[in-house]
Amino acid sequence: MEFLDLKTQQKRIRKPLEKRINKILDHGAYIMGPEVFELEEKLADYCGVKHAISCSSGTDALLIPLMAWGIGPGDAVFTTPFTYVATAEVISIIGATPIFVDVYESTYNIDCDKLEIEINRVIKEGKLKPKAIIPVDLFGLPARYRLIDKIAKKYNLKVIEDAAQSFGGSIRDKKVGTFGDIAATSFYPAKPLGCYGDGGAIFTNDDSLAEECKAIRIHGTKKDKYNSEMIGLNGRLDSIQAAVLLEKLSIFDEELEMRNIVNDNYRKYLNNAQYHPKEYQSAHALFSIVLGSNEKRNTLINRLQKNKIPSVVYYKLPIHLMKAFEYLGYKKKDFPVSENLSQTIVSLPMHPYLTRADIDCIFETIQTK
């Protein structure tokens, strides 16, 4: 059994993908070729936004908007400690300070009540200037953007939707990529829409912001590629990765529906998974369950392993307890929900090609004493 089955998917798209790759070999535009611009157009249309800006990774997709806004030393950016390190990493890279906010026990996404408390704490202390919020759509489930946007407007903060895991998700009739001032996603191979290397994209309806992001991804250049108008980076997408994404996008909605079926089948057996609020549609990047203790989790992982069923812990250490972020001065018990999740959560196989028989086998293993 595969944790993520990319082989079956590749069989479906291999012939048209090879045709696209051969075309790239013929025209020779290996970086930012016509496939990249075709992809950007289709991504924007899919999400319902004016601009989709491809880039070299999900990390750069988060970093570039922060650079475009001029956020840096002395500024505070609010996010969650229960996510992949890249979310906080980009804040530190630009010299700003990550301010962590604990998550809801139910959805694992940023707790909006605690978010406002932290914003007010930072304002009262007066050492940092609040500038932005980066909510994370964890495991594919969008965060509470209605409340987040309300808070952002109240305190004049920018919002970057970290949609690294949630491309394809939605809230009511609004798709991921349309929340906040700007959104960032990842096309890492394990994502619901992933390429065969690194890749990412930025989504926005702001024309001026889109132009700044486009310039930053190519060393800060606009009209003359040998005259940088601002500090930028090498954040371009390769044409071959765009070709992979174009073919995967052609079957993406079908795969999303298949992920929905897998999720529904899991939930017939398991009631200790991430809570999905009514009218919130997850992209089902992962299916995770929470056990009663670290000991129970380890016992289950070992049992699954003996039955050749893969599992992964996302995330075994919240960011505030990582050595790289010791300089922020956080300590154990500062974010009890995130810390408890890191000790008790485990992710089970999740992909469109997981069968009902596979899920029955997983459940039988979980139930075995």
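Begin by selecting Asp207 and Lys50, whose side chains meet in a salt bridge with 2.9 Å from N to O, and keep in mind throughout the tour that the model is predicted. This pair links distant parts of the chain, since Asp207 belongs to helix H7 (residues 207–216) while Lys50 sits in the loop between H2 and strand E1 (51–55), 157 residues apart. Colour the two residues by accessibility, and you will find that Asp207 is partly exposed at 40% relative accessible area, whereas Lys50, at 51%, counts as exposed.

Next, select Arg121 and Glu125, which form another salt bridge, 3.0 Å from N to O. Both residues lie in helix H5 (residues 112–125), and because they are 4 residues apart there, about one helical turn separates them. Arg121 is partly exposed, with a relative accessible area of 29%, and Glu125 is also partly exposed, with 46%.

For a third pair, move to Arg172 and Glu279, whose closest N and O atoms are 3.1 Å apart in a salt bridge. Arg172 is in the loop between E6 and E7 and Glu279 in the loop between helix H9 (252–269) and E10, so this contact ties together parts that are 107 residues apart in sequence. The strands beside these loops are worth showing as ribbons: E7, E6 and E10 form, in that order, an open sheet with antiparallel pairing. Its edge strands are E7 (174–175) and E10 (280–281), each of which pairs on one side only. Within this sheet, Ile171 stands opposite Tyr280 in E10.

Now select strand E5 (residues 158–162), where 4 of the 5 residues are buried, so that the strand is largely enclosed by the rest of the structure. Strand E4 (residues 129–133) runs parallel to E5 and is joined to it by 2 bridges, with Val159 as the bridge partner of Ile133. Strand E8 (residues 182–186) is likewise parallel to E5, joined by 3 bridges, and here Glu161 stands opposite Ala183.

From E8 you can go on to the largest pocket, which has a volume of about 700 Å³. Of its 31 lining residues, the closest to its centre are Tyr84, Gln165, Tyr188, Lys191 and Tyr315. Helix H3 (58–68), helix H4 (86–93) and E8 each supply at least two residues of the lining.

Finally, turn to the surface and select Leu25, Tyr30 and Ile31, which make a nonpolar patch of about 300 Å². Ile31 is found in the loop between helix H1 (6–27) and helix H2 (34–47), and is partly exposed, with a relative accessible area of 42%.

Notes:
Residues are numbered from 1 along each chain as its sequence is written. This is a predicted model: local features need pLDDT of at least 70, side-chain atom pairs count only at pLDDT 80 or more; totals for chains, interfaces and linings use all residues. Side-chain values use heavy atoms; hydrogens and water are left out. Buried means under 20% relative accessible area, exposed over 50%, partly exposed in between (1.4 Å probe, protein chains only). Two strands pair if DSSP finds at least two bridges between them. Patches are made of residues with over 30% relative accessible area and no salt bridge: like charges are joined within 9 Å, nonpolar side chains (Val, Leu, Ile, Met, Phe, Trp, Tyr) within 5 Å. Accessible areas come from the Shrake-Rupley method with a 1.4 Å probe; for residues, only the protein chains shown count as cover. A salt bridge is a side-chain nitrogen of Lys or Arg within 4 Å of a carboxyl oxygen of Asp or Glu. On a 1 Å grid over the protein atoms alone, a cavity is a set of points where a 1.4 Å probe fits but cannot get out, and a pocket is an open set with protein on both sides within 12 Å along at least five of seven lines; lining residues have an atom within 4 Å of a point. Grid points are joined across faces, edges and corners, and a volume is the space filled by probe spheres set on the points.
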